[in-house]
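User: Could you take a close look at one part of this protein and describe its surroundings step by step for a first-year student?

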Amino acid sequence: MGSCNSQRRRRSRQATTTPFVLCVLFAQVCTSLCAKVYVVYMGSGSGGAEAEDALFQDHQMLASVHSGSLEEAQASHVYSYRHGFRGFAAKLTEDQASEIAKMPGVVTVFPNTKRRLHTTHSWDFMGLVGEETMEIPGYSTKNQVNVIVGFIDTGVWPESPSFSDIGMPPVPVHWKGKCQSGEAFNTSCCNRKLIGARYYMSGYQAEEDSTNKVSFLSPRDSNGHGSHTASTAAGRYVPNMNYKGLAAGGARGGAPMARIAVYKTCWDSGCYDADLLAAFDDAIRDGVQILSLSLGPDAPQGEYFNDAISMGSFHAATHGILVVSSAGNEGNPGSATNLAPWMLTVAASSTDRDFTSDILLDNGANFSGSSLVVFDMNVSMSIISASEANAGYFTPYQSSYCLESSLNRTKARGKVLVCRHSGSSTESKLEKSKVVKEAGGVGMILIDDADQDVAIPFVIPSAIVGRRTGSKILSYIKHMRKPKSRILPAKTVMGSQPAPRIAAFSSKGPNVITPEILKPDVAAPGLNILAAWSPAASKLHFNILSGTSMSCPHVTGISTLVKAVYPSWSPSAIKSAIMTTVHHYNSKMNLQPLYWTRGGGPSLQIPMEDGQAHLIMAQAS
């Protein structure tokens, strides 16, 4: 009897304690699994004792939402921001983030959002002269050796000749940064040109699948984007830069003698707010004078003080650092991002250089389309509309867009296919050429009226044409019994007109947050730009890319030269000088030099088309 009573008491205790234990376990699991990284922004900070105590203060605040546990607080901590501004990043549940947002001294708390990259003859086209010095006529820019330009991007390929330090003087004494070692990157990778390199990935690691392999846990660039932007703005002169023989010749950045510091925050999937703010914080302390960011949020952008780039750039500006950023590549009205008034936001325009392939039809007609394909078809082959090669359950209309698995191999084999691209589609044009190749096609003509000038390195002989040319080719196919076509290798074409013009992909105003402040501020070359690259990305040392990511470093380079001539000018003065000195000029006439003299100072003469500013555009829309 006693034994049975003892069992009942044990069962009773189990019945009452088990749910409590489960609740505790669930709460612990939820805290771990439900937590995500939040940025806690606390406004302007100062150095000295406050900076030294910042980590302790952050841990104390975190402990207050972790039931007083300092151990849990330390485990949840990701970054402390203490040089240019105060705040921290930490793994928190939504309730914990809400609780911290109510604490004294906290300005705002927001999630660790992912940002995306906004993916040479251009300097000659803009009128800057000289291989190494890039002198402004009438002004000395030799002081650019004392200007430090920071790039928040995907890192750098230090062995590129664009980052050589031959003939450069010692590093400026005001530099306080460092060269951070890591995978395939040590302190010897830095030099008198590339004077600093750091990398940040705590925010990335907290959000991404831990099984995802990351290339180069170091400042080394595995993507190519960061090397491209840095060399566009401040790369050294390279005597024979080319892309597979295209655009061959000497090339350099806008300020080739300026110093470069890289802050790698962007990885394969994007760039996270927590990492971006850590880079801003270090760059402010390190002593950079210009910061370049060819990345940004998806449109529509959120409020300024829930946006890491807006916040980081605000504190950079208060420390005398001009922040130049890309406007985005969504192309629609109201799609511009990086809208904060203290930033210099850049749209993308063209130059007078195109890369085209000739399209020969058997009736003697000859058209041209944009392409970076350098190999030949050798002979004319049968040409059909992709709608005639529809496969399975795909309709002819669906197959006309050369979607994955939409093409019948029997019908497509050995032929040139005419495909369509929707201007609003995110479908990759490069992928369409892969779809055609997998179906047995030997060539592709892609009809895309919106972005027909963006040259693409297709996997088979291909070319992009506009709607009018595409209609003529489709009419030829329809009316000929055995239509044939041949696509020739791409070539460099100089003197294209009209130039400059705004690229169709370039994000446009109005400013969706503060409509009375027009954005983007200016435009610069961003179409088919040749610059340094990472061989780890595609076994190339130089590559041709298009995007506001490419236009941004052009303005970074110009800003650096202005800073070199007038080192005491504030970020606002440099921005104002660039924006308020545009001069109406018809792009169909011969272009004039970029810089000219007004009132004893340098100012910009900008080619215009039909009354709209294009090369450096005073209010892009």
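Analyst: Leaving aside residues up to four places away in sequence, aspartate 153 touches Leu117, His225, Gly226, Thr229, Tyr263, Lys264, Thr265, Cys266 and Ser294, where contact means heavy atoms within 4.5 Å. This is a predicted model, in which local features need pLDDT of at least 70 and side-chain atom pairs count only at pLDDT 80 or more, while totals for chains, interfaces and linings use all residues. Residues are numbered from 1 along each chain as its sequence is written, and side-chain values use heavy atoms, with hydrogens and water left out.

Aspartate 153 itself is found in strand S6, which covers residues 148-153; strands (E, at least two residues) and helices (H or I, at least four) are DSSP runs, numbered from the N terminus. Its relative accessibility is 3%, so aspartate 153 counts as buried, a word that stands for under 20% relative accessible area, with exposed over 50% and partly exposed in between (1.4 Å probe, protein chains only).

One of the residues touched by aspartate 153 is His225, and here the side chains of the two residues also make a polar contact of 2.7 Å. A polar contact is a pair of N or O atoms within 3.5 Å; within protein, one must be able to donate a hydrogen and the other to accept it, and residues adjacent in sequence count only if both atoms are side-chain atoms. Histidine 225 lies in helix H7, made of residues 225-234, so this polar contact links a residue of strand S6 to a residue of helix H7. Histidine 225 counts as buried too, because its relative accessible area is 1%.

Both residues also appear in a record: in an unreviewed entry, UniProt places the feature "active site" at Asp153, His225 and Ser549. Such positions are given in the numbering used here, feature names are shortened, and annotations may be inferred rather than shown by experiment. Although these three positions are spread over 397 residues of sequence, they cluster in space, with a largest C-alpha distance of 10.1 Å.

To place this part in the whole, the protein has 16 helices and 31 strands, and buried residues make up 56% of its 621 residues. The accessible surface of the protein comes to about 25,100 Å², of which 53% belongs to carbon and sulfur atoms; accessible areas come from the Shrake-Rupley method with a 1.4 Å probe, and for residues only the protein chains shown count as cover.
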